[in-house]
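Student: I would like to go through this structure one question at a time. Please show it first.

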Amino acid sequence: MSESKLVAEWVSKAEDDFETATRIMRWRKKPQPDAACYHCQQCAEKYLKAFLVLHSVDFPRIHHLPKLNELCATVEGSFVLIGDLLEQLNPFATETRYPGYSAQVSDARYAIAAAKQVRKFVRDQLKLK
């Protein structure tokens with residue numbers, strides 16, 4: 001697969017995650033904050049990976065947003081600006097998927113806002129509208 005097609009596929013999957021997170025929180029009778037938080041983390045992860053692919057940076061098969069962000073910052077130093085957002089989203093890769101933690105609606109609202117900021121930042125870096 002060509003680099004540009006692979007970047008486009010990562011972006012498409014990231015957009016699917018963002019849309020899923022926002023859609024399931026609009027369900028008035030039964031919002032799903034665990035799922036929304038998970039999909040927000042996934043959106044951020046896939047955008048970071050799209051950036052790394054675009055710049056031919058190899059990355060391990062991980063879900064750890066801070067580590068992926070470190071790799072992005074080796075190409076573009078301004079990625080440090082979204083470090084705090086990624087730290088906050090990072091636990092949602094696993095915590096919301098297993099018993100012992102349940103996200104609240106307020107957590108999901110925060111996660112969506114954080115994912116939206118990460119999404120905009122990386123889309124700007126990818127020169128996407």
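Student: Which residue just after α2 takes a positive phi?

Tutor: This is a predicted model, so the answers describe the model. The residue sits just after helix α2, and its phi is about 55 degrees. The residue is S56.

Student: What is the reach of α2 from its first C-alpha to its last?

Tutor: Helix α2 covers residues 33–54 and has 22 residues. At 1.5 Å a residue, the expected value is 32 Å, and the helix comes close to that. Its reach is 32 Å.

Student: Is α2 largely enclosed by the rest of the structure or largely open, and how many of its residues are buried?

Tutor: A residue counts as buried when its relative accessible area is under 20%. Most residues of α2 fall in that class, so the helix is largely enclosed by the rest of the structure. The count of buried residues is 20 of the 22.

Student: Which helix gives the largest share of the lining of the largest pocket?

Tutor: The pocket holds about 160 Å³ of space. Its lining is made up of W10, Q42, E45, K46, K49, F59, R61, I62 and H63. Four residues of this lining come from one helix, and that is the largest share. The helix is α2.

Student: How many residues of that lining are charged?

Tutor: The lining divides into three classes. Three residues are nonpolar and two are polar. The charged ones number four.

Student: K49 is in the lining; is K49 buried or exposed?

Tutor: K49 belongs to helix α2. Its relative accessibility is 6%, and the cut-off for buried is under 20%. K49 is therefore buried.

Student: Which residues does K49 touch, not counting those up to four places away in sequence?

Tutor: The lining of the largest pocket includes W10, F59 and I62, and K49 touches each of them. L68 is also touched by K49. The full list is W10, F59, I62 and L68.

Student: Is R61 buried or exposed?

Tutor: R61 lies in the loop between α2 and α3. Its C-alpha is 10.0 Å from that of K49, twelve residues away in sequence. The relative accessibility of R61 is 85%, and exposed means over 50%. R61 is therefore exposed.

Student: What class of exposure does F59 have?

Tutor: F59 is in the loop between α2 and α3. Leaving aside neighbours within four places in sequence, its contacts include W10, K49 and L52. Its relative accessible area is 24%, which lies between the cut-offs of 20% and 50%. F59 is therefore partly exposed.

Student: Which backbone oxygen does the side chain of T22 reach?

Tutor: T22 is part of helix α1 and is buried at 15% relative accessibility. Its side chain reaches a backbone oxygen at 3.0 Å. That oxygen belongs to E19.

Student: How far apart in space are A103 and Y38, C-alpha to C-alpha?

Tutor: A103 lies in the loop between α4 and α5, and it is buried with a relative accessible area of 8%. Leaving aside neighbours within four places in sequence, A103 is in contact with P33, D34, C37 and T96. A103 and Y38 are 65 residues apart in sequence. In space, the distance is 9.7 Å.

How values were computed: Residues numbered from 1 in each chain as written. Predicted model: local features only at pLDDT ≥ 70, side-chain atom pairs only at ≥ 80, totals over all residues. Heavy atoms only, no water. 1 Å grid on protein atoms, 1.4 Å probe; cavity = no way out; pocket = protein on both sides within 12 Å on 5 of 7 lines; lining within 4 Å. Points joined across faces, edges and corners; volume = space filled by probe spheres on them. Helix = DSSP H or I, 4+ residues; strand = E, 2+ residues; numbered from the N terminus. Nonpolar A, V, L, I, M, F, W, Y, C, P; charged D, E, K, R; others polar. Expected span 1.5 Å × (residues − 1). Buried < 20%, exposed > 50% of the residue type's maximum accessible area, 1.4 Å probe, protein only. Polar contact = N/O pair within 3.5 Å; in protein donor to acceptor, adjacent residues only side chain to side chain. Contact = heavy atoms within 4.5 Å.
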